[in-house]
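Biologist: I have the two chains open in front of me and would like to go through them with you. Where shall we begin?

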Amino acid sequence: MAAPVSELAQQQTAKLVLLGEMGSGKSSLVLRYVKGQFFDYQASTVGAAFLTKTLPDLNVKFEIWDTAGQERYHSLAPMYYRGAAAAIIVYDITSPDSFTRAKSWVRELQRQGNPAMIMALAGNKADLESQRAVSVEEAQAYAAENGLYYLETSAKTAANVNELFEEIARKLPKPEAAPRQVQGGGIVLENQQAQDRRKGACC
Amino acid sequence: MNFTQNFWPLKRNAVQPKDTRAINKARDASWQSVRSKGLSPALRAHLWPHFLDVSTHGGCPLSELVAVANDHVSAQAFYAAKGGTESWQETASRIARDAERIRDETDTLRGDQRADGIARVKRVLIAYALHDCAVGYCQGMADLAVPFLELYPTDDEMAFTVFRAFMARVRENFLPGMLGIQRQLQQLGGALGHVDIELHRHLVKIGAGNYIFAFQMLFLHLKRESSLPNLLTLWECMWACEDLLAQEQRRCEPLVCRQQTSPAAAHGVPETLLTPPSAAVAESITEPQQPVALVCVNDGQEREGITGSKQPSAREAAREEDQQQPLAAGTAVEATVVGIPAARVYLCVYVVAAALRRERKALLACGSMEEVLQFVNKFPSLNDVVGLVHDAEHIYKKCEGSARGQQQCGGPALSGLGNLCILANCFRPLLRLSQDMATGPEMTSAARMAVVDILAGRSAQYLAQ
């Protein structure tokens with residue numbers, strides 16, 4: 001059965017940003033999740049890429065910002081994570097350096113980001129088990145310490161990719177469900193004022 | 001490939017003053033033909049070094065730099081001493097990781113050949129990182145190296161030399177802080193605002209007015225928005241056009257450096273038009289918002305052409321006619337005298353502006369910055385790149401004309417400080433100015449000091465012996 005109109009109207013749009021060391025697989029994760037594709041040669045992201053994906057079951061529309069990983073692009077990062085409802089910090093399980101960099105991203109978001117931001121830590125390239133250099137225990141302990149949702153993923157095999165994004169969608173704070181019309185007049189008035197302000201700004 | 005000897009005589013700074021005019025004109029004519037149709041693939045490998053002024057960029061050969069890189073301990077020491085911003089190991093690892101994931105867009109990066117192709121990219125990038133340690137490696141450079149390796153499929157040394165010369169033009173974009181690109185994003189907004197106010201206003205309205213969505217286009221010189229053959233044509237048309245625009249500008253720029261005695265008399269230019277160097281300097285210092293007096297020592301015909309009072313076709317006809325006249329003995333040297341470097345013109349911003357204008361319908365349909373970025377991520381592959389450069393030139397001239405008139409365009413306008421830079425550039429061959437003031441915004445304070453020194457009558461210390 002199709003969802004009632006009132007439910008559709010409440011679809012939640014959430015800004016999601018991917019951060020992490022270059023080559024950790026941010027673009028591959030996004031591409032796997034949004035388009036179900038994987039390329040052996042995924043060119044480096046220059047600047048940022050933007051993709052969207054709707055999860056009809058959870059009534060969430062993700063606006064996904066995929067960023068460049070190199071430290072030199074760092075000055076652009078705040079522009080991308082500002083206002084984000086969620087962040088996925090990606091590292092490569094075969095690279096301890098990328099895990100260190102992930103920790104520095106977590107610190108930065110804790111310091112500068114939205115305090116209510118959902119943060120997930122993704123240990124990507126889990127298919128390369130033989131080359132593993134960051135243990136599950138270490139990452140798990142770090143994630144627990146910092147209140148991060150943690151999952152090991154593989155963009156190549158698609159393992160845990162949907163799970164990662166869906167779990168974030170579930171964790172998003174739900175928008176106020178109650179229709180405003182039934183609330184007190186004060187709120188209606190406030191909305192009216194806000195609308196007036198918007199009109200004024202347009203002119 | 002040892003073609004350098006055949007072509008080096010064309011090098012601007014190596015010819016005798018007497019021949020400059022003829023050679024400049026011959027070069028202008030060939031550059032114009034390149035601008036209007038690009039180069040044949042056979043000629044490309046021979047001419048790119050000239051477009052990029054390879055001869056003016058020194059440095060160790062690829063083989064020596066790669067030899068340094070092979071010894072990690074000495075590479076680390078070298079890299080740190082020369083301004084590397086991270087450990088050599090990190091840089092080398094970044095290069096390896098990025099090279100490995102270059103798209104398999106050409107035959108040399110596909111199938112059995114891929115391993116060799118990737119190894120070549122790595123060598124060139126490793127050598128570049130050691131050549132220019134402050135830049136080292138920045139994501140995106142792997143993309144930019146590919147066209148050069150394609151151009152010289154069997155000559156890594158040449159590929160590196162030409163890539164290095166190209167990087168000399170764009171390196172500011174890749175330095176920590178990326179100031180170059182930030183300035184270009186502003187220029188892009190200014191340029192589009194000049195030529196398509198509706199589009200610019202729309203982008204501002206939907207929150208895309210910082211033009212950050214064009215980051216990749218500027219950063220990679222439209223590499224990912226074009227097929228490789230189109231990209232090569234686009235770049236060479238752009239460089240030819242940049243060079244021609246710089247020549248035009250140079251003819252009208254403050255003439256403070258003259259090699260011959262009284263060229264004005266030879267050309268019948270009224271003395272009142274000629275401003276002595278010190279006066280020009282004084283003017284620029286006391287009234288920084290005023291342009292330095294423009295002096296052209298070419299004939300009236302040339303000057304008329306530059307001021308744009310004629311149609312381009314007429315101007316070109318006039319130039320051709322002029323070119324056919326034999327050079328009279330003792331012809332005075334034109335403003336483009338040997339050794340005066342022109343302020344470079346960078347057209348990439350304007351090419352991007354032209355590319356965006358082509359897609360204005362799609363951009364006007366975008367309702368948010370995110371939509372614009374989404375569109376730009378899948379930018380339609382560029383075709384008619386020659387026409388694109390032509391459009392870019394048009395946009396550039398429009399902005400430049402406005403800037404000259406109003407002195408307020410953020411792009412190529414000559415501010416008071418800009419005038420000082422140009423003055424310092426003009427003096428460079430005669431004055432012993434340190435190398436570090438030759439390029440970049442840092443030069444301005446050094447340039448200012450030099451000019452102040454000249455004003456104070458202490459120019460003797462700068463004069464070349």
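Modeller: Let us begin with a cut-off: a residue counts as buried when its relative accessible area is under 20%. Please also bear in mind that this is a predicted model.

Biologist: Understood. How many residues of strand β3 of chain A are buried?

Modeller: Seven of the eight residues of β3(A), which spans residues 60-67, are buried, so the strand is largely enclosed by the rest of the structure.

Biologist: Which strands pair with β3(A), and in which sense, parallel or antiparallel?

Modeller: Strand β1 of chain A (residues 12-20) runs parallel to β3(A) and is joined to it by seven bridges. Strand β2 of chain A (residues 48-55) pairs with β3(A) in the antiparallel sense, over eight bridges.

Biologist: Which residues could I click on to see those pairings?

Modeller: For β1(A), take A:V17, whose bridge partner in β3(A) is A:W65. For β2(A), take A:K53, whose bridge partner in β3(A) is A:F62.

Biologist: And what is found between β2(A) and β3(A)?

Modeller: The two strands form a hairpin with four residues between them, and A:N59 takes a positive phi near 60° there.

Biologist: What is the strand order of the whole sheet?

Modeller: It is an open sheet of six strands in the order β2-β3-β1-β4-β5-β6 of chain A, with mixed pairing. The edge strands are β2 and β6 (149-152) of chain A, each of which pairs on one side only. From one strand to the next, the twist averages 20°.

Biologist: How is β1(A) joined to β4(A)?

Modeller: Five bridges join β1(A) to β4(A), residues 86-92, and the two strands run parallel. One pair to look at is A:G20 with its bridge partner A:V90 in β4(A).

Biologist: Which helices lie across these strands?

Modeller: Among them are α4 and α6 of chain A. Helix α4(A), residues 96-112, lies across β1, β4 and β5 (118-124) of chain A and runs at about 160° to β4(A). Helix α6(A), residues 161-171, lies across β1, β2, β3, β4, β5 and β6 of chain A, at about 165° to β6(A).

Biologist: What does chain A contain overall?

Modeller: Chain A has seven helices and six strands. From the N terminus, its elements follow the order α-β-α-β-β-α-β-α-β-α-β-α-α. Of its 203 residues, 48% are buried. Among the contacts in chain A with a separation of 6 or more, 71% are between residues 24 or more positions apart.

Biologist: Now to chain B. How many helices and strands does it have?

Modeller: Chain B has 23 helices and zero strands. Buried residues account for 51% of its 465 residues. Of the contacts between residues at least 6 apart in sequence, 74% join residues at least 24 apart.

Biologist: What does UniProt list for residues 38-242 of chain B?

Modeller: An unreviewed UniProt entry lists that span as "domain: Rab-GAP TBC". In the model, the span is 67% helix and 0% strand, and its end C-alpha atoms lie 14 Å apart.

Biologist: How do α4(B) and α7(B) pack?

Modeller: Helix α4(B), residues 62-70, packs at an angle of about 85° to helix α7(B), residues 114-131, with the axes 9 Å apart. The two helices are therefore roughly perpendicular to each other. From α4(B), the contact is made by B:L62, B:L65, B:V66, B:V68 and B:A69, and from α7(B) by B:R123, B:V124, B:I126, B:A127, B:L130 and B:H131. By class, there are nine nonpolar, one polar and one charged residues in this contact.

Biologist: And what about α4(B) with α5(B)?

Modeller: Helix α5(B) covers residues 72-81 and packs against α4(B) at an angle of about 110°, with the axes 5 Å apart. That angle makes α4(B) roughly perpendicular to α5(B). Here B:V68, B:A69 and B:N70 of α4(B) meet B:H72, B:S74, B:A75 and B:F78 of α5(B). This contact has four nonpolar, three polar and no charged residues.

Biologist: One last residue: is B:Q184 buried or exposed?

Modeller: B:Q184 counts as buried because its relative accessibility is 14%, and the cut-off is under 20%. B:Q184 lies in helix α10(B), residues 179-195. Neighbours within four places in sequence aside, B:Q184 is in contact with B:N173, B:L218 and B:V349.

Definitions and conventions
Residues are numbered from 1 along each chain as its sequence is written. Chains are lettered from A and ligands numbered from 1 in the order in which they are written. This is a predicted model: local features need pLDDT of at least 70, side-chain atom pairs count only at pLDDT 80 or more; totals for chains, interfaces and linings use all residues. Side-chain values use heavy atoms; hydrogens and water are left out. Axes are lines fitted to C-alpha atoms, for helices over the stretch in contact, and angles run from 0 to 180 degrees between N-to-C directions. Angles under 35 degrees count as roughly parallel, over 145 as roughly antiparallel, 65 to 115 as roughly perpendicular and the rest as oblique. Contact means heavy atoms within 4.5 Å. Ala, Val, Leu, Ile, Met, Phe, Trp, Tyr, Cys and Pro count as nonpolar, Asp, Glu, Lys and Arg as charged, and the others, Gly among them, as polar. UniProt positions are given in the numbering used here, feature names are shortened, and annotations may be inferred rather than shown by experiment. Buried means under 20% relative accessible area, exposed over 50%, partly exposed in between (1.4 Å probe, protein chains only). Two strands pair if DSSP finds at least two bridges between them.
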